[in-house]
Amino acid sequence: MACVLVFVLSAAALEPTTPLASYGRQSWVMENGLPQNTVQAIAQTRDGFVWLGTEAGLARFDGNGFVLFDQNSKPALPSNDVRCLFEARDGTFWIGTAEGLASWKNGTQTAYTTTNGLPSNAIRALAQDSAGALWVSTDQGAARLNGDHFEQIGLGSHEIRVTDFTAHGQSDFWSDSAQWPQSDEATSWVVVALRAGLTVDQVEFLAALPNATAAVATKSVLVIEHGDAVAQQLTAGKEIPGSRIQALFASREGSLWIGTNEGVVRLVGDKLQRLPVTDPLASASILAFMEDSEGNIWVGTETGGLHILRDERFRTLGMRDGLSSDATSTVVEDGAGTLWVGTNGSGLNAVTRDGGSITKVKTLTVQNGLSSDVILSLAAAPNGDLWVGTPDGLNRIHNGTVSSFTSADGLPDDFIRSLLVDADGSLWIGTRRGLAHWNPAGGMQMDIFTQATGLGSDLVGAMARDAQGSLWVATLAGLSRLQGAPKPSISNFTSADGLSSNVITALLPRSNGTLLIGTQGHGWNLWDGQHFSPVARTGLNRTTIHAILDDDHRHLWFATATGIARCDCDMAGGCSHWMEFGPADGLRGREMATNSHPSAWRSRDGWLWFATPKGLVEVDPAHFPVNTVPPPVALVRFAVDDVDQLLHESGRLQVPAGHNHFQFDYAGLSYTAPQKVRYRYMLEGFDHEWTDAGARRSAYYTNIPPGNYTFRVQAANNDGVWNTEGAALAFTLRPHFYEMIWFYILLAALIAGLIVLLLRLRLLRAEREFRAVLAERNRIAREVHDTLAQGYVGVSVQLEVLSELLRTNNSQAAIKHLDTARQNVREGLAEARQSIWALRSQDTGENTLPVKLRRATEQANGHGTEATFSLYGAYRPIPLDMEREFLRVGQEAIHNVKKHAGARHLAVQLEYGPAEIALVVRDDGRGFAKSYGLESPPGHYGLTGMRERAEAIGGTLEVTSELGLGTTVRLQVMTPKEARERSGE
């Protein structure tokens, strides 16, 4: 038993005049991800998802993939056998199964069984009355939900048997009791059944059609009532295929879809439409129908999976329709309405048609007199003649007779690339070797135009005559214009005149005097009567244009290198709302016919025809379905570091600190052409503008800072209609504790406290140093007072006594006191030296290597030698043995200069580098021969001693000297600490 979902729809429905076989279709089976091939219920919820009830569970479909819910999923279903589906007006989604009823809302599931008042756990149908109450039909009767409990409905001792409650487009249901709530628009189906001669127990299906028309069906009979009378009665096995009716569905456009055990048929008015016997749905067992928000019809079958029927924008005619080949090359319509279709190797087809349907095809080939079966160009003359261009010459078809013309008849070449018939019946012929103008009524005299006579190029392509009477000729070297007669003047235009390319491929003159010009690889241009200008900001700027058509519905159509395109246009050449079409729109491929003219044609009834290598494409611009429904957008997954998050929680999601990778999966729920849905997204709080994602259905972010964010995504359907509301997900990425404000405040307080502490310690250290200096001064004062001062006093006293004794000439006593004074002076001097030594021993700077080397250098001054000492780098102490060897090497080098060099200048330089210490002694003396190297001359030991000292401390000694140019001695030693670091110890 089918269930019908009540769903408010606003989009256009399938065109009822289109034959069933002409609809575009797609199907899914288990190999495509469908959980099971028996689809017995279909519903589309208001969020846009399509739901499928199968015997293996409930499947959610987004146009790209299926998500399965069953007894093992979360939430779990009461049974895997899903029989009916329904979305209530409050958004609750109800799922009827063979073992109970389930409801989903905001991620919460509630299950109902016989313990909740249901007559049976086997659910057959679901509906909602005008008061909002849910009604359930089970195998054992009907029940109505009251709160969280179901009340079984009966009338006396008779158990009410409820079939499909709902009629499409109605929120209430039909019932078999006047006591039940009724729709104001619906007649009680009991009354309808009785008028049709059917009993209540026989009725299985109901449907409401426009204009007060109702459909009531049993398993074998369908009755259509209009007003109060039976308008039509159809029987399974006779008018309806199969032996059993299994589904009934009224679509928005007013047609009735009938599903049987042997296929699907459609009732439009009083006419039944059937599928060809080769169609899979012509013999399938049909279980369910559903019309989505875009007007597509979904069909569930018993063994053939899921099918969708779409309005097909393009129909392709080929060999199966009677053409001699699918490889069509050129097309033109003659004055009698016959459509002539050239092929690439299978001759010429004369097609008689009724609208878009072919009624008769006649084929002409070389056996009928054509020069070749490869047709390059066509042109229909006012007198009914048809001119045919081939690689092997020109043909004329006159009253069914074919005649041929070649270069032997005056043509510049047999390869006929394009043809144009003027109003006077004269023929313009474009070839590889020039342009010919011929009036067949005047004999075989032809006027030939080539590059030598002013034509832009000998290779001629498309031709067109504009409203001013000028003939425009496309060539490989630009565009040529011929004006005047009988000897026209020729003007040539190239990219220097504003064309986007010199290779011209298509021409379309318009009634306002403008000319549209297609090029190879550089889009198209507009001639406004004065200037050429490329048409910018379109989707075809870098595309080859093979043909251009105007449909008189304010649209331009283009055959391009990537398919067919259309734009809204005005007579001034402005274009907007670009639409590009390919296989997703019903085309067999994107390749169009090339190098043939004309490769596209607009017939007198307004239909457009495009020649392609895979058939002749037909388009009816007056009934061209455009999808105006913005696609609903759903966020289907939010993962943080590959862990899925719950999407049904209210409010802002909270993401703990420390997460780096964020993934958003989304879906634009348009089913007309899912592969053409386009997306754009933005992470508010991080992105400054929208990101164009194309057809990609996922967005990724990494290493975003903590904060509040809202991810927004929008989608556009196959015709570029955007859902600007889209979907949004708000979340907060919480910071680490060290990224919070209170942490920074605490850190600032700690830093301030540390600074105060350091200042305090510095002050205490300064106070200690001051006290130490003061104590030292006091100590020195005491020593001076106790030693030098006392000694000076004693000496002074002795000298006073000595002076008095000398005045009295007491020499013996004077000598004694003089000796005492001497002793006091010696003792005072010793004490003073001891005090000075004690002071100097506390100042290591007086005994450092730089000080000692400076003294040794200063001592070398004199006797005609000027000695200088310099220090580079910051002093640092080194081991005493290393310092001693440095000093001895320096002293030996200075001694050698004084003794042997006879130098006027001596420079001693001590360098403290980051990892080494170097001593350099230079003089400008007489020097010595290089042959000595680092060994002393015979009888001398200075150089040898310096070398041995350098080796003892692990250093390197370099001595460079030349006779008459002085000597340089350099000792370099790595400091022990740096040496250990470099060796890795």
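This is a short talk through one predicted model, from the whole chain down to a few single residues.

Okay, let's start with the overall picture. Since this is a predicted model, everything I say is about the model. The chain has 985 residues, and 49% of them count as buried. It carries 7 helices and 67 strands. If you take contacts between residues at least 6 apart in sequence, 53% of them join residues at least 24 apart. As for the outside, the accessible surface is about 46400 Å², and carbon and sulfur atoms account for 51% of that.

Now a single residue, I297. It sits in strand β24, residues 297–301. Is I297 buried or exposed? It's buried, because its relative accessible area is 1%, and the cut-off for buried is under 20%. Look at what I297 touches beyond its sequence neighbours: L14, F249, S251, W257, F289, M290, E291, H307, I308 and L309. L14 is the one I'd point at on the screen. I297 and L14 are 283 residues apart in sequence, yet their C-alphas are 7.7 Å apart in space.

Next, strand β54, residues 633–640. Of its 8 residues, 6 are buried, so you can call the strand mostly covered. Which strands does β54 pair with? One is β57, residues 661–668, antiparallel over 7 bridges, and there R637 stands opposite D665. Another is β55, residues 643–644, also antiparallel, over 2 bridges, with A639 facing D644. The hairpin of β54 and β55 has 2 residues between the strands, and D641 takes a positive phi there, near 50°.

On to the cores. As a general point, nonpolar side chains in soluble globular proteins tend to be buried together. Here the largest nonpolar core has 32 residues, and the members touching the most other members are L849, F886, L906, L910, L919 and L971. Several elements give two or more residues to this core: the helices α4 (849–859), α5 (880–901) and α6 (942–952), plus the strands β63 (866–872), β64 (905–912), β65 (916–923), β66 (956–962) and β67 (966–974). Which element gives the largest share? That's α5, with 8 residues.

Zoom in on L919 for a second. Leaving out residues up to four places away in sequence, L919 touches L853, F886, G890, V908, Q909, L910, V969, R970 and L971. Apart from this core there's another one, of 30 residues, including W28, L34, V50 and F66.

While we're in that part of the sequence, have a look at T848. It's in the loop between α3 (811–841) and α4. T848 counts as buried because its relative accessibility is 9%, under the 20% cut-off. Beyond its sequence neighbours, T848 touches Y875 and E883.

Last stop is the surface. There's a nonpolar patch of about 1000 Å², made by F737, Y738, W742, Y744, L746, L747, L750, I751, I755 and L759. Take W742, which lies in helix α2, residues 741–807. Why does W742 count as partly exposed? Because its relative accessible area is 47%, and partly exposed runs between 20% and 50%.

So, if you turn the model yourselves, three places to visit: I297 with its contact to L14, the core around L919, and the patch with W742. That's me done.

Technical notes. Residues numbered from 1 in each chain as written. Predicted model: local features only at pLDDT ≥ 70, side-chain atom pairs only at ≥ 80, totals over all residues. Heavy atoms only, no water. Core = buried A, V, L, I, M, F, W, Y, C linked by side-chain atoms within 4.5 Å. Buried < 20%, exposed > 50% of the residue type's maximum accessible area, 1.4 Å probe, protein only. Helix = DSSP H or I, 4+ residues; strand = E, 2+ residues; numbered from the N terminus. Contact = heavy atoms within 4.5 Å. Patch = residues over 30% accessible without salt bridge, like charges linked within 9 Å, V, L, I, M, F, W, Y side chains within 5 Å. Areas by Shrake-Rupley, 256 points an atom, 1.4 Å probe, with all protein chains shown as cover. Salt bridge = Lys/Arg side-chain N within 4 Å of Asp/Glu carboxyl O. Pairing = 2+ DSSP bridges.
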